[in-house]
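Grab a pencil and try these short exercises. Each one comes with a worked solution, so have a go before reading on.

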Amino acid sequence: MATATKNFKRFFSQYKILTLLFAIVVIWTFFGQLTEGAFLTPRNFSNLLRQMAITGMLASGMVFIIISGEIDLSVGASLGLLGGIAAIMDYTYHLPVPVIIVSVVALGILIGLFNGYWIAYLRVPSFIVSLAGFLAFRGILSDRSTAATSRLVTAQPCASRPALP
């Protein structure tokens, strides 16, 4: 029995990707049973992939930062700021989508160059620069968006829910 366990452990340590795939199958099976099959529908897989796309892109960029022994706390806040700016450019100024995409990508590059300049040339620790960026980006977004939400669809009053003044 001990040899079988050793062989099993050796197999999964040698083929780490199989271990990950096995874990995914176990998780999918668990949620498939829990939701009575609703989790395993093509529509849900499409939604999961769409939701994971942004996180995957951020994670692939963060790999290089982590490999170099640094840290970036501001990556999520900069994504929020850039998304907020894109929404403001679209909703308030009605700019064409290609202009918004190019502008937001250019601004993201400038943010990265600004942070990189402080870290590489001025030798400020990445933790301090990214923490300052985190706070600054959240503050800028809060100021520019006036920390307000907007309704894109006007709800019509109905008999069960009277209109508010």
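**Exercise 1: a loop residue**

Arg-123 sits in the loop between α5 (97-120) and α6. Keep in mind that this is a predicted model.

Task: Decide whether Arg-123 counts as buried or exposed.

Solution: Start with the relative accessibility of Arg-123, which is 68%. The cut-off for exposed is over 50%. Arg-123 is therefore exposed.

Now look at the backbone. Most residues other than glycine have a negative phi. Arg-123 isn't a glycine, yet its phi is positive, near 60°.

**Exercise 2: another positive phi**

Task: Find where Glu-36 lies, and work out whether Glu-36 is buried or exposed.

Solution: Glu-36 belongs to the loop between α2 (16-34) and α3 (42-67). Its relative accessible area is 76%, so Glu-36 is exposed. Glu-36 also has a positive phi, about 55°, without being a glycine.

**Exercise 3: two helices**

Task: Work out how α4 is oriented relative to α6.

Solution: First, take the axes of α4 and helix α6 (residues 126-144): they come within 8 Å and cross at roughly 20°. Angles under 35 degrees count as roughly parallel, so α4 is roughly parallel to α6. The crossing is left-handed.

Next, see who meets whom: residues of α4, including Ala-77, Ser-78 and Leu-81, meet residues of α6, including Phe-134, Phe-137 and Leu-141. Sorted by class, this contact has seven nonpolar, three polar and two charged residues.

Finally, zoom in on Ser-78, which is part of helix α4 (residues 75-91). Ser-78 has a relative accessible area of 11%, so it is buried. Beyond its neighbours within four places in sequence, Ser-78 touches Ile-111 and Phe-137.

Key: Residues numbered from 1 in each chain as written. Predicted model: local features only at pLDDT ≥ 70, side-chain atom pairs only at ≥ 80, totals over all residues. Heavy atoms only, no water. Helix = DSSP H or I, 4+ residues; strand = E, 2+ residues; numbered from the N terminus. Buried < 20%, exposed > 50% of the residue type's maximum accessible area, 1.4 Å probe, protein only. Contact = heavy atoms within 4.5 Å. Axes fitted to C-alpha atoms, helices over the stretch in contact; angles between N-to-C directions. Parallel < 35°, antiparallel > 145°, perpendicular 65-115°, else oblique. Left-handed = near helix turned anticlockwise from the far one by under 90°. Nonpolar A, V, L, I, M, F, W, Y, C, P; charged D, E, K, R; others polar.
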